[in-house]
Structures are given as structure tokens and as C-alpha cells.
Amino acid sequence: MELLHSGKVRDVYADGDDLILVASDRISIYDVVLPTPIPDKGKLLTALSLWWFGQLSDLVPNHVISATDVPAEFAGRAIRCRRLEMLPVECVARGYLTGGGLREYERTGAVSGVPLPRGLVEASILPEPIFTPSTKAPAGEHDEPITYADVVAEVGESVAERLRQITVDVYRRGAEIAAERGILIADTKLELGWAPDGSLLLGDELLTSDSSRFWPAESYQPGRVQFSYDKQYVRDWATSGGWNKQAPAPEVPIEVVEATRARYVEVYEKLTGNSWD
């Protein structure tokens, strides 16, 4: 195998015509990798992605070839995948207003060029899910929100429309499945790419705690920050200590590591119905 790329969380290896996508225990916030890993995070992300790929395979095809035909040292945290030519756009769907979307709305009344009703607050549910894409920034730089028109300029009208439709459809289906299990999906990020046969496939990860915001439905209340089953907890810890969101990031204390792992485990179990052991 040949290491092709080491990203913030995943490492990509070439193995013949296939790729081996390996999820590490690294955690990144604001596009900066923290120096402290979260135990089992790679396996949790891989298992949850595989579960979602299975749930949504009738809606959109994906890059998965096998979760078992991988090198033994990567077992449980790797997927054998088809090679894709990834599109240069982060595809984001939002069903609730929070994070960077909320800050943009407060400045402009819109998110990624999509106008929204007046009077929305932290965690407001949106009238309908919206497509709010962003750039794919190089390592060490931050992704930036872009408009649908920017996506059209980058990939063309027909492909842009497919990206928007797939992203919103995946979000809607995922949100319906999660709601049945007591979880609200506030937003999620997808990546798509072209297979050699010209088909458009989901790649990377899908509806995980690293790519989505998960909230417990039972305690949801707009107008305040929600309890989160994702890395928002680590973001909040880091910024509350005065970190400026630039490298180097601070070491994460053991209590924050353990609490973060517990949230990843809990949402995995709630969504899949499987116990984590």
C-alpha cells in the first residue's frame, strides 16, 4: 500500500485500483487538529458511516467496497473504497440555525445567499432544509461559506443542481431516521465525487459526529445552545479557554476527552440500536 494523503482525521492509502480510507482518533475543530486523540473515535466514525451508507444506499450510491477486506492493523476503522474524483465543494445541508450559519444570518439575514425569515434565534428550525455549501480549504486554512451561484461557477449548473438535491435529500432522509430514535440532526456535511464510470457517489464519511450536529430531541429548545452529541462540545471547551482558533491547538484535558468519547458512543448506540463494546 502507498500513503496518498494524511488529512486532519483520515489517512488515504492506495491498494491496487482501490483506496483504503482509515479513520484515526485525531479530532479537529475549526480546521485545526488537536494534539490529544479521542480513544475509539476512528472506529466509531467508521461504524456509524457504514451504518448510514447502508441506510441510504437506495437514495444515492456510495464509494464503499468492503469494511472487512482491509489490512489487519486498520481493522474496525478502515473502509475499502472506490477511487473517486472528489468535487471541490463541501456540500452542507442545514435544518436548524446554529454555528456559522447563525452568525452569517445575524449579519445578513441569509445563509450562503439563501434568505431566511426575520426573528430566528439560536437553534431555530428552518422552514425547510437549505443547501449552504462551503469551500474545501487547503490544510491549515478554514473552509469558507459560498453561495449556490459560486457552486454553479465551479462545476456548472447541472452538476450544482445535482449536488444541492442529493445533499438535501440525504439530510431529509437522515433526519427522519434520526428523529425516530430521538435525535435531531441540525446540519450535516457531505462529500461527493465522480467514479471512473461517470456515476456520482457519496464519499468520505456520512452523518457522523464529526460531519454533523446531533441534538437530543427531548431537551430541544430554540433560543439557547443545545446539548450536542458531536464535537461542538470540544469546540465550546476550546473557545471558552480563550483559544484563537489558530494552530497550535491546546491539549485536551482527560475529563473533556472522556466526555467527548461518551457522547460519540451514546449517539452511535441511539442511532444504530447497537451497543458499543
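What covers the buried residues of α2? The legends below begin with the whole chain and then come to that helix and its neighbours.

**View 1. The whole protein chain, with six helices and 15 strands.** This is a predicted model, in which local features need pLDDT of at least 70 and side-chain atom pairs count only at pLDDT 80 or more, while totals for chains, interfaces and linings use all residues. Residues are numbered from 1 along each chain as its sequence is written, and side-chain values use heavy atoms, with hydrogens and water left out. Helices (H or I, at least four residues) and strands (E, at least two) are DSSP runs, numbered from the N terminus. The radius of gyration is 18 Å, close to the 19 Å that the globule rule gives for 277 residues, so the chain is as compact as a globular protein of that length. Here the radius is taken over C-alpha atoms, and the rule is 2.2 Å times the number of residues to the power 0.38. Along the principal axes, the C-alpha atoms fill a box of roughly 55 × 50 × 40 Å. Buried residues make up 51% of the 277 residues; buried means under 20% relative accessible area, exposed over 50%, and partly exposed in between (1.4 Å probe, protein chains only). Among contacts (heavy atoms within 4.5 Å) between residues at least 6 apart in sequence, 63% join residues at least 24 apart.

**View 2. Helix α2 and the glycine that follows it.** The buried residues of α2 are Gly99, Gly101, Leu102, Glu104 and Tyr105. To come back to the opening question, their cover includes β9 (91-96), β10 and β15. After α2 comes Gly109, with a positive phi near 80 degrees. Gly109 sits in the loop between α2 (99-108) and β10 (110-111), and its 25% relative accessibility makes it partly exposed. Leaving aside residues up to four places away in sequence, Gly109 touches Glu104, Val114, Pro115 and Leu116. Cys91 is 18 residues from Gly109 along the chain, and their C-alpha atoms are separated by 21 Å.

**View 3. Helix α5 and its buried side.** In α5 (residues 232-240), the buried residues are Gln232, Val234, Arg235 and Ala238. They cover an arc of only 155 degrees around the axis, which puts them on the same side of α5; the arc is that of the directions from the helix axis to the C-beta atoms. Their cover includes β4 (28-29), β15 (212-216) and α6 (254-272). Gly242 follows α5, and its phi is positive, near 90 degrees.

**View 4. Helix α5 packed with helix α6.** The axes are 9 Å apart, at an angle of about 155 degrees. Axes are lines fitted to C-alpha atoms, for helices over the stretch in contact, and angles run from 0 to 180 degrees between N-to-C directions. The two helices are therefore roughly antiparallel; angles under 35 degrees count as roughly parallel, over 145 as roughly antiparallel, 65 to 115 as roughly perpendicular and the rest as oblique. Tyr233, Val234 and Trp237 in α5 meet Val256, Ala259, Thr260 and Arg263 in α6.

**View 5. Helix α1 crossing helix α4.** The axes of α1 (residues 41-55) and α4 (residues 157-179) come within 11 Å and cross at roughly 110 degrees. That makes α1 roughly perpendicular to α4. On the α1 side, Trp51, Trp52 and Gln55 meet Arg173, Gly174, Ile177 and Ala178 of α4.
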